[in-house]
Amino acid sequence: MTMIETTMTETGPNASGYKDFSIGGFTFSRDEYFATITWPTGSHQMDIGQWLRCVQRDVAWGFFYGIVNFDAVIGTMNHYGNVDMFAGRFNEAYRRAEVDYNENFDHDELMSCFTAMLSDWTNEGYDPFAAPMETGSAYGPSRGENDMAVTRKRVVAQRMVGVPGDEPIRSDESGFPINRGFADVPQDEPVISAEPGYEDQVCSFNLFAYLSRSDVTWNPSVVSACKESLYCPTTEEFILPVIHGNDRVEWFVQLSDEIQWDVEDRDTGAKRARVVMRAGDVAAMPADIRHQGYAPKRSMLLVWENGSPRIPEMIANGEAPVHPVDF
């Protein structure tokens, strides 16, 4: 893979008060309602709220595992150190018309472009990470900023939440109120009786209480890590903004309420399944699919990942399966 050195540029502001951004062959501009993306062979528009929700997660996740489709046209593919940005790459009509486009960027360069765009395009009171009922409007001319919201850091525990050095977990230490969707969640913390000398080695926490105070949606954070095995729970409401294309198997454990999943072939978008998960259900999302979730009310989901960077290569070489179970 050849990666051409690129520089992000900013111009503007335009008539609506927003800057335009360019990197490589891509240019990004917004008006009061839409984001417009252009590349050497075409252009595309997205609702600005949808665009900001997608870019927010791509930034917070560090481009995540595999493919982050913003919609049926635009997205990114993570190569862990460098990142493809594409238009129409997984869209048969765009490929057939020969207007698809793909460009590879250094991770930090594309991240800098997206971060600057989020800061300039996010208006005061609008939070791309929050549920629609918990935030202001993405629309209209430029007015203020909300950098406090868009620069949130994803919580990543090195061992486990509550272990010395990792995130504090007691409900009265978190600083976040209980979310309106989880008003009935008990806040009791476990009682630990450790043998003398082992007080710093035995830890536990109330995961449901911890998640009940989440102020973001569709943002899996690492609460425990055992070598490369990661527990990444999240709270979900409304629609997963992106369509995630897997490059490894993901296990989903529905902890509360309900999420409905559209599951498609990763590369063609052909429908594979419609999965409805309710509390207690467990599902494995194969490595060759893409998925998008719909949560009618605030719910809790545990995503279990193997974070090894070797997995995509192992799958490509036939050393690891695309699904965990043969029936």
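In the predicted model, Ser256 touches Phe182, Ala279, Ser299 and Met300, when residues up to four places away in sequence are not counted. Ser256 is located in the loop that runs between strand S13 (250-254) and strand S14 (258-265). Because its relative accessibility is 14%, and buried means under 20%, Ser256 counts as buried. Its side chain also makes a polar contact, at 2.9 Å, with the side chain of Asp257.

Asp257 is likewise found in the loop between S13 and S14. Asp257 has a positive phi of about 60°, although it is not a glycine. With a relative accessible area of 29%, Asp257 is partly exposed, whereas Ser256 is buried. The polar contact between the side chains of Ser256 and Asp257 therefore joins a buried residue to a partly exposed one.

On the other side of Ser256 in sequence, Gln254 is found in strand S13. The relative accessibility of Gln254 is 1%, so that this residue counts as buried. Neighbours within four places in sequence being left aside, Gln254 is in contact with Ile259, Met277, Arg278, Ala279, Gly280, Asp281, Ser299, Met300 and Leu301. Ala279, Ser299 and Met300 are also among the residues that Ser256 touches.

A further buried position is Gly245, which is found in strand S12 (residues 243-245). Gly245 counts as buried because its relative accessibility is 0%. Apart from residues up to four places away in sequence, Gly245 touches Tyr65, Gly66, Ile67, Asn69, Arg266, Ile289 and Arg290. For one of these residues, Arg290, the C-alpha atom is separated from that of Gly245 by 3.9 Å, although the two residues are 45 residues apart along the chain.

Two other loops hold notable features of the backbone. Trp218 is placed in the loop between helix H5 (207-212) and strand S10 (224-226). Trp218 has a positive phi of about 50° although it is not a glycine. At 2% relative accessibility, Trp218 counts as buried; Asp257, for which phi is also positive, is partly exposed. A cis peptide bond, with omega of about 10°, joins Gly12 and Pro13. Pro13 lies in the loop between strand S1 (9-11) and strand S2 (20-23).

At the level of the whole protein chain, the secondary structure consists of six helices and 17 strands. For 327 residues, a compact globule would have a radius of gyration near 20 Å, and the value of 21 Å for the protein chain agrees with this. Along the principal axes, the C-alpha atoms fill a box of roughly 65 × 50 × 35 Å. Of the 327 residues, 48% are buried. When contacts between residues at least 6 apart in sequence are considered, 61% join residues at least 24 apart; the contact lists of Gly245, which include Tyr65, and of Ser256, which include Phe182, give individual examples of contacts within the chain.

The accessible surface of the protein chain comes to about 15,500 Å², and carbon and sulfur atoms account for 53% of it. The chain carries 26 positive and 50 negative side chains. The centres of these two sets of charged side chains lie 4 Å apart.

Conventions. Residues numbered from 1 in each chain as written. Predicted model: local features only at pLDDT ≥ 70, side-chain atom pairs only at ≥ 80, totals over all residues. Heavy atoms only, no water. Helix = DSSP H or I, 4+ residues; strand = E, 2+ residues; numbered from the N terminus. Rg over C-alpha atoms; globule rule 2.2 N^0.38 Å. Buried < 20%, exposed > 50% of the residue type's maximum accessible area, 1.4 Å probe, protein only. Contact = heavy atoms within 4.5 Å. Areas by Shrake-Rupley, 256 points an atom, 1.4 Å probe, with all protein chains shown as cover. Lys, Arg positive; Asp, Glu negative; His and termini not counted. Charge placed at Lys NZ, Arg CZ, Asp CG, Glu CD. Polar contact = N/O pair within 3.5 Å; in protein donor to acceptor, adjacent residues only side chain to side chain.
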